[in-house]
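Here's a quick look at one protein model, starting with its empty space and ending with a sheet. Have the sequence and the 3D view open as you read.

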Amino acid sequence: MTLTGEEVAHLHEQYVLQPWAKQGAPATPIKRAEGIYFWDYDGNRYADMSSQMVCSNLGHQNKVVVEAIKRQADELCYIAPSFAVEPRGKLAKLLVDIAGADHFQRVFFTLGGSDSNENAIEIARFYTGRPKILSCYRSYHGSTLGSAFASGDWRRFAYEVGGAAPSFIHFLNPSVYEDGFDRTEEDEARCTRQYLRQLEEQIRYEGPETIAAVLMESIVGANGVLIPPKGYMEGVAKLCRDNGILLICDEVMAGFARSGKMFTWQNFDLVPDLITFAKGVTGATVPLGGVIASKEISAFFENHPLPCGLTYSGHPLACAAGVAATQYYLDNDICGHVKQLEGVLKPALEEFVQRHACVGEARCIGLFAALTLVTDKSTRELMAPYHTSNGRMPAIFAELKRRGFYTFGRESNLNVCPPLIITEDELREQLATLDDVLAWADRKFCN
Ligand code: PLP
């Protein structure tokens, strides 16, 4: 028996524990999705301008990926991680080749982003024999204990009830606009110098010999697509190298062509020791994540048993989706397409900064973009000061959704991260809606 939209919503509202939210709030029942769109039970269409949780990178119901899942389901749904099975090995090799087979060798598969970081932390500690994990305040790495402790934003607070685990140390990473800098060459250099000097001091005071790894999002995603100032990421990598500290790049959100490169760290002049991934690897069709390990770390585990394991590590259905999706990015030059559309999105968002009182800054690399919304440009007063709720940002997201533009954002950031298969016409149509809503927000919230 098929349920009505109302019944679907009722079940959700009554029985599902909704993540990161008070319970019982109205939920929109969703009937179907295709390409960049999804529809509710009343037939309303929404453009998915955040690729859901920045994961549906290939849009919805990509036929190639769905077919691959069906084929694998018919053949073999599950076999334990110790057996060799075609999609698992194929996907591991594909990912190593994309990351660079001269530096990387093996992949540990997980079920999503949180446990990819959890296991990367464990691998880094076991490999180095050092306890401490340094990570950024302006970050999110997941919601298992270790990945939550490593996360910097307030979502870690609930996990710290009863005390945070020792040896998780945070450092402040740059947010150029919020920190009062401009995007000039001179200001970026100043910002980079300031933040690297602080980190160097922090490493010195923590004791480099006690630090296993620096864990960083290659570009901070959920906290506002914080494109780092020039030279910052390379500087962090050098500090790691000079101190025997591993660099873990979290590519869970930034990876899989989002920034116009298969991995976002490939935009910088650095090579990490461990790469964590999830989301886009299957285009969110099936949950999958993992850790790609350098040759050195992979070799170490030829003599030491890997101290990690999961029943569903390298689940054949997920890996079949992963092979199909990853191959789809490559075969269809999704990176090239993303770079081309960056040429539409970036200038449009920069123009919003000029035209709208509520847009303080626009950041865009590939189809990975966010606006910082303000109430007063002259003082950079944020629309929603950190970890407060004044209802303004939810009102803006609701107005966008009412007009068929779905996205999300944290704090004062509004993400624009559409599926990477969006066409130029679709993108321009949605930017026009965003433009209208920003004009509405100018009138409603700006001084
Ligand atoms: N790392 C980053 C950068 C993320 O953005 C997220 C989720 O948004 C995670 C890790 C956690 O991934 P998951 O929700 O799949 O556990």
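## The cavity

How many cavities of 30 Å³ or more does the structure hold? In this predicted model, there is 1. The volume of the largest cavity comes to about 80 Å³.

Its walls are built from Cys 136, Asn 173, Pro 174, Met 216, Glu 217, Ser 218, Ile 219, Val 220, Leu 226, Pro 228, Tyr 232 and Met 233. Strand S7 (211-217) and helix H8 (232-242) each put at least two residues into that lining. Sorted by class, the lining of the largest cavity has 9 nonpolar, 2 polar and 1 charged residues.

## The second largest pocket

Now for a space that is open. The second largest pocket has a volume of about 590 Å³. It has 26 lining residues, and Arg 106, Val 107, Phe 108, Phe 109 and Leu 306 are the closest to its centre. Helix H4 (86-99), strand S4 (104-110), strand S10 (289-294) and helix H9 (295-303) are the elements giving two or more residues to this lining.

As for chemistry, the lining of the second largest pocket splits into 16 nonpolar, 6 polar and 4 charged residues.

## A four-stranded sheet

Over to the strands. One open sheet has 4 strands in the order S1-S2-S3-S14, and its pairing is mixed. Strands S1 (30-34) and S14 (405-406) sit at the edges with a single partner strand each, so each has one side without a neighbour in the sheet.

S1 pairs with strand S2 (residues 37-40) in the antiparallel sense, over 4 bridges. Within that pairing, Ile 30 stands opposite Asp 40 in S2.

How values were computed. Residues are numbered from 1 along each chain as its sequence is written. This is a predicted model: local features need pLDDT of at least 70, side-chain atom pairs count only at pLDDT 80 or more; totals for chains, interfaces and linings use all residues. Side-chain values use heavy atoms; hydrogens and water are left out. Two strands pair if DSSP finds at least two bridges between them. On a 1 Å grid over the protein atoms alone, a cavity is a set of points where a 1.4 Å probe fits but cannot get out, and a pocket is an open set with protein on both sides within 12 Å along at least five of seven lines; lining residues have an atom within 4 Å of a point. Grid points are joined across faces, edges and corners, and a volume is the space filled by probe spheres set on the points. Ala, Val, Leu, Ile, Met, Phe, Trp, Tyr, Cys and Pro count as nonpolar, Asp, Glu, Lys and Arg as charged, and the others, Gly among them, as polar.
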